[in-house]
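Colleague: I would like to go through this model and ask how each label is earned. Please put it up first.

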Amino acid sequence: MTLPHAGPMLEIQHLTVSYRNHPVLGDLSLPPLLPGELVALVGPNATGKSTLLRALAQLVPASGQVRWDGQDLLALSTTALARTIGYMPQSLPETAALNVLEVTLTAMQAQDLPAGKAQLAAIAVLERLGIDDLALRRLDQLSGGQRQVAALAQAIARDSPILLLDEPTSALDLRHQWRVMNTVRRLADDGHLVIAVLHDLALAAQWADRILVLDRGCLHACGTPQTALTPDMLRAVYGVEARVQRCEHGRTVVLVDGPAGSPRT
Ligand SMILES: Nc1ncnc2c1ncn2[C@@H]1O[C@H](COP(=O)(O)OP(=O)(O)OP(=O)(O)O)[C@@H](O)[C@H]1O
């Protein structure tokens, strides 16, 4: 028997977002998402993944119900929102004249920590991500991958219960991908709800508890990596013929043979 979840959960019902009257998310409802979960948000390009995260972070106007711990997330004040959500955009602006430590400290303002404590906490976040040596480097002097990890530092520095990460590994080499996903996994294990947009389905399968598959603004599937990642889903959503192989240690590999309907090569 599954007991009903008693603590906070993220409930998204009938979420609608339009750009210039063109609906990108139309009446999207998701199963409840729980603290302690790492949820991978996957789907083809332009299907609304970033828009969903941006709507939850109040960066684009949205209608519908989004509730967390009894609160209406879409109506939270800026300060309350900053305490509830840490948001990592696809990239930080290259032109920002701030250094990595300053950017991280800026994200922590809602915590109202004394300056010394805030500085120590910010440095601890940079150490955790292995970029403390970049603390005094300006964002416009960083590589794309370094800027991506700085964006993650900014999001997790808030220590908020919900983390929204937009493609946290897309610019990273294999070692940094592992470090970031391991950090994100630990944050989920510590009780955060982490929703991460990922294009790499192998990473999603390796690290996520559940995979949400979005297709043209609608939920196509939601389940464990084993149930969500199937050849049928890959054909219907991504338009490819693919094999999904489960390897040793529970790893999953997706092998794409070609466009849907084409003979296997
Ligand atoms: N500010 C905007 N104004 C108008 N249209 C937008 C805006 N932002 C996104 N869109 C459109 O909304 C749709 C969804 O975009 P979104 O960035 O959410 O997709 P995505 O699934 O995150 O894509 P990708 O995987 O390519 O990053 C796309 O058609 C995009 O062109």
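Modeller: Start with one term: contact means heavy atoms within 4.5 Å. The model is a predicted one.

Colleague: With that term in hand, which residues is threonine 104 in contact with, leaving aside its neighbours within four places in sequence?

Modeller: Threonine 104 is in contact with Ala122, Leu126, Ala153 and Ala157. Threonine 104 itself sits in helix α3, residues 100-107.

Colleague: Why is threonine 104 called buried or exposed?

Modeller: Buried means under 20% relative accessible area. Threonine 104 has 0% relative accessibility, so it counts as buried.

Colleague: And what about threonine 78, buried or exposed?

Modeller: The label exposed requires over 50%. Threonine 78 has 67% relative accessibility, so it counts as exposed. Threonine 78 belongs to helix α2, residues 78-84. Its C-alpha atom is 29 Å from that of valine 213, and the two residues are 135 apart along the chain.

Colleague: How do you know whether the chain is as compact as a globular protein?

Modeller: The chain has nine helices and twelve strands. Its radius of gyration is 19 Å, and the globule rule gives 18 Å for 265 residues; the two values are close, so the chain is as compact as a globular protein of that length. Along the principal axes, the C-alpha trace spans about 60 × 45 × 40 Å.

Colleague: What share of the chain is buried?

Modeller: Of the 265 residues, 48% are buried. The accessible surface comes to about 12900 Å², and carbon and sulfur atoms hold 52% of that.

Colleague: How many side chains in the chain are positive and how many negative?

Modeller: There are 22 positive and 25 negative side chains. The centres of the two sets lie 2 Å apart.

Colleague: What makes β1 and β2 a pair?

Modeller: Two strands pair if there are at least two bridges between them. Strand β1 (residues 10-19) and strand β2 (residues 22-28) are joined by four bridges, and they run antiparallel. Tyrosine 19 stands opposite histidine 22 in β2.

Colleague: Does the same test serve for β4 and β5, or how many bridges join them?

Modeller: Strand β4 (residues 63-68) is joined to β5 by two bridges, and these strands also run antiparallel. With at least two bridges required for a pair, β4 and β5 meet the cut-off. Arginine 67 stands opposite aspartate 72 in β5.

Colleague: Why are β2 and β5 said to stand at the edges?

Modeller: The open sheet has four strands in the order β2-β1-β4-β5, with antiparallel pairing. β2 and β5 (71-72) each have a single partner strand, so one side of each is left without a neighbour in the sheet.

Colleague: What is unusual about a positive phi?

Modeller: Most residues other than glycine have a negative phi. Asparagine 21 is not a glycine, yet its phi is positive, about 65°. Asparagine 21 lies in the loop between β1 and β2. In that hairpin, which has two residues between the strands, arginine 20 also takes a positive phi, near 45°.

Colleague: How is asparagine 21 classed by accessibility?

Modeller: At 78% relative accessibility, asparagine 21 is over the 50% cut-off and so counts as exposed.

Colleague: Then why is glutamine 58 called partly exposed?

Modeller: The class in between runs from 20% to 50%. Glutamine 58 has 30% relative accessibility, so it counts as partly exposed. Glutamine 58 lies in the loop between α1 (49-56) and β4, and its phi is positive, about 60°.

Technical notes: Residues numbered from 1 in each chain as written. Predicted model: local features only at pLDDT ≥ 70, side-chain atom pairs only at ≥ 80, totals over all residues. Heavy atoms only, no water. Rg over C-alpha atoms; globule rule 2.2 N^0.38 Å. Buried < 20%, exposed > 50% of the residue type's maximum accessible area, 1.4 Å probe, protein only. Areas by Shrake-Rupley, 256 points an atom, 1.4 Å probe, with all protein chains shown as cover. Lys, Arg positive; Asp, Glu negative; His and termini not counted. Charge placed at Lys NZ, Arg CZ, Asp CG, Glu CD.
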